[in-house]
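Grab a pencil and work through these short exercises one at a time. Try each task yourself before you read the solution.

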Amino acid sequence: MPRFHKENLTFSGLLLLPLLFLAIFYFYPLLKIFHISLTWNEGLDITALLSRVLSSSTVRVLGFTLGQALLSTVLTLALGLPGAYIFARYDFPGKRLITALTTVPFVLPTVVVAAAFTAVLGPKSPLNTILMWGMGQARPLLDLRYTLGAILLAHVFYNYTLTLRMVGGFWANLDPTLVQAARALGASPWRAFREVTLPLLLPAISATAMLIFIFCFTSFGVILILGGPRFATLEVEIYRQTVNFANLPVAAGLSLVQMMCTLGLTLIYTRMQSGLARPVDLRPQWATQQRPRRTGEIVYIAANLGVALVLLGVPLLTLVLRSFDLGLRYYRALFENPRHSIFYVPPVYAVVNSTRLALATTALALTLGLLTALALYRRRRGWLVDALFMLPLGTSAVTLGLGYLVAMGRPPLDLRGTTGLIVFGHTLVALPFVVRSLLPALQAIRPSLREAAATLGAAPPRVFVEVDLPIVWRALAVGAVFAFTVSMGEFGATSMIARPELPTMPIAIYRFLSRPGALNYGQAMAMSTLLMMVCVVGFVAMESLRPPGTQTF
Amino acid sequence: MKRTILVVVLVVLLFTGCQSATPEGPRTLRVMTYGSFSVSEDVVAAFEQAHNAKLQFLDAGDTGQMLNQAILSKDNPQADVLYGIDNTFLSRALNAGIFVPYKAKALSNIPASYHLDEAYHVVPTDFGDVCLNYDRAYFEENNLSIPQSLADLTHPDYKGLLVVENPAASSPGLAFLLVTIGVFGEDGYLEYWQALRANDVLVVEDWDTAYYGEFSGGAYSEGARPIVVSYATSPAAEVYFSEGALTEPPTGAVTAPGTCFRQIEFAGILKNGQHRDLAEAFIEFLLSDTFQNDIPLQMWVFPASANAVLPQVFGDFALVAEAPAEIPAASIEQNREAWIEAWAEVVLK
């Protein structure tokens, strides 16, 4: 009995800080804005509001939101899993750089992605020029924009990297001899995958699917810009009701519907999660990976890299090429301020600002994420708490942003317009990525390893450092990469509230793209290229870090 | 474990410590504006020196987001002055009572037609005309005449040529919808849009997508449609930002009567703000020649003051609408949602 008691104590102790963070920077602002919204109009008619919020148009929007998120998730997994296999099982030159490049889309502002997709798919794209010339047509033949296809393609473009990193990273530690044994016993490759690999991968796959789904469920920019005005998700509706029509009660109602959906789905997932986990003997990556030797292997790898190149590489490359249209002119222009605008952003300054915010977010998200994951991984009843940490990702940024506005304006929480609030806002969105990356890894560790260490006299912190840490190090690095990108790409509520001139790279890009003229467009492309470069450097650096004196998995 | 807590505490301290303390000496005046606001360094310095002040600008997103924030935090505002409410949002701002009245002395320089609030809660600072822009090369090559009225756009000659922004999301988009309501009336505008739809109008979400993605005329425009809803100053910006590569704009703006909407922008002193005297001085400053002359090249709109001197590129290529459509601000606020929803029903469904 005392043991049970102690475990409870550890559980609460570890969760203290993360829960406090969630309470102050998530639940408190949210409750405040809901309260204000629902008391906004005097004598609020609850039945009228309910019938408006739960009207057939909301049901339609909700149906579309769920549908496109489901399709996007399935498509991303289908395209990403073969890639994840390669990155798990093979070692080849340039692998680290390619992995880093696949994550670049995650930080790009939607306006930039839209520009890239227009260049690749739009009426003046090389593809269309060839088609028009070949078929003797005067008008462009192919335009995928403003279709459901464009939305799905963009979601795959953004989220491919999640599958690659989260599933691939986990897969890399699975013992390949399991599959080899099955094959030796006569199982076909498909059967060996279905009956051996898939069940073991399921925790990582479902964690990834959950993240992708919620990410697409609250999709905003992609839907508006690439889907066009005919498509609307709940997030889009919330934005319109709030900003255009100042209809706060309806916006709050829709926001609640959105949160309930996220919560419901997450609860189903977290409930299942511990049942999916199977502790296994994990192997370090150097022992599971090999150089491709047979022609079949090389062809398979080349085909997968080809898919990734077409899907991710072509749009990215178009942006980079554009930025060099006039040689280095657009880059030089970034360093000039001919009109002496007070809002001129020296590129170095934007890079430093963005990087500082991203590093602070990463540090905070890793700390809180690690504490959360350590508290949750061995608790069957942890699923209720676990779902809470996913909620911020599925909450409307517009609503939460306004929540910050009304809740963070007075002492002791007088944080409006501070850098701290930006970091806290980003951390809220980054946290689910860290937790989802860490949990499957922690749950896969055989308890006997920890018990052996403890029996040999290691205190719990030492057990963690010597047993858990080397194994989950890579999962931690994956979490760090996504925390970094979330902040670099300016996700989250804080981009919705007023902030002092703390120009970051995405903000500079938006500024350039809001004006006509060659120089503005060119500078936007140049700044986007810089953003990509900074991120690639960041990813490679984060993945190269190793705890000193430890062999990581 | 202890170390982790220490790290967290340090991080928290580090960032809460970043809050700017206000030392003795210059007082800080906080100005809330939208994302594309801009001003020259020396103009800011002129104000700061003259009043022993420091200006702090807060970027609050687009106009709608900015106004929302100002209304929600009106008891404890984030700033002392707000710049950039336009006439489509003016009524909402005035009804919410976020401004305190101040009758600026320099108002005498501003033409009477820009004064939309008789109680002096806000002062007009600048205006920009939302107009149709066209691809000059396309019209020359195809020997097509440039449309001179909204009705022209429904003619088969212009089928599939026009791209507009979504009025539910974009301010030029809303402006163009208002032009159609101003011209055809509340009873006739939906019929007009039906005809536009039959003539294959394309609606996209925002100005960037329309101008860079769908329009064919600008230097980096990727699209195939030669008519777009943009600003009367866009052709001048094309020349200016080509850095000498263009001596003539590749695009033109239609300024014929009844085809444009005039967006007038306002600034006001926020209720419950600090440093009232400094805020009043700043309002006067916004209307002074120093600030007014700086407006065109920074924000690509026209200064409101009759005394302002325009830069060369504006004199050469920027146009002013001849007789912009007129819709009262109060009526815009009252009907915005209904108009947009009815429009969406006709155009998007």
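**Exercise 1: Where the chains meet**

In this predicted model, 60 residues of chain A are in contact with 65 residues of chain B. Your task: find out which classes of residue make up the side of chain A that touches chain B, and how many there are of each.

Solution. Start with the nonpolar residues on that side of chain A: there are 34. Next come the polar ones, 16 of them, and then ten charged residues.

Now look for strands that pair across the two chains. Strand E1 of chain A (residues 499–500) and strand E2 of chain B (residues 53–59) run antiparallel and are joined by two bridges. To pin down a spot, go to Pro500(A): across from it, in E2(B), stands Leu58(B).

**Exercise 2: Splitting chain B**

Work out which stretches of chain B belong to which domain, then describe the contact between the two.

Solution. Step one is the split: the assignment puts 28–127 and 263–317 in domain 1, while 129–261 and 319–347 go to domain 2. Step two is the spacing, and here the C-alpha centres of the two domains of chain B lie 27 Å apart. Step three is the contact itself, with 14 residues coming from domain 1 of chain B and 18 residues from domain 2 of chain B.

Step four: zoom in on the domain 1 side. Two helices of chain B, H4 (90–96) and H11 (312–317), each give at least two residues to it. By class, this side of domain 1 has eight nonpolar residues, five polar ones and one charged.

**Exercise 3: Following one strand**

Take strand E5 of chain B (residues 122–135). Is it mostly covered or mostly uncovered, and which strands does E5(B) pair with?

Solution. First, the burial: 14 of the 14 residues in E5(B) are buried, so the strand is mostly covered; buried here means 20 or more other C-beta atoms within 10 Å of a residue's own.

Second, go through the partners, which are strands of chain B:

- E10 (residues 261–270) pairs with E5(B) in the antiparallel sense over eight bridges, and Asp129(B) has Arg262(B) as its bridge partner there.
- E8 (residues 227–231) is also antiparallel to E5(B), with five bridges; Tyr231(B) in E8(B) stands opposite Val130(B).
- E9 (residues 251–254) runs antiparallel to E5(B) and is joined by four bridges, with Val254(B) opposite Leu132(B).
- E11 (residues 302–303) pairs antiparallel with E5(B) over two bridges, where Phe302(B) is the bridge partner of Phe127(B).

How values were computed
Residues numbered from 1 in each chain as written. Chains lettered and ligands numbered in written order. Predicted model: local features only at pLDDT ≥ 70, side-chain atom pairs only at ≥ 80, totals over all residues. Domains from an automatic or database assignment. Contact = placed C-beta atoms within 7 Å. Nonpolar A, V, L, I, M, F, W, Y, C, P; charged D, E, K, R; others polar. Buried ≥ 20, exposed ≤ 12 C-beta atoms within 10 Å, placed from the backbone. Pairing = 2+ DSSP bridges.
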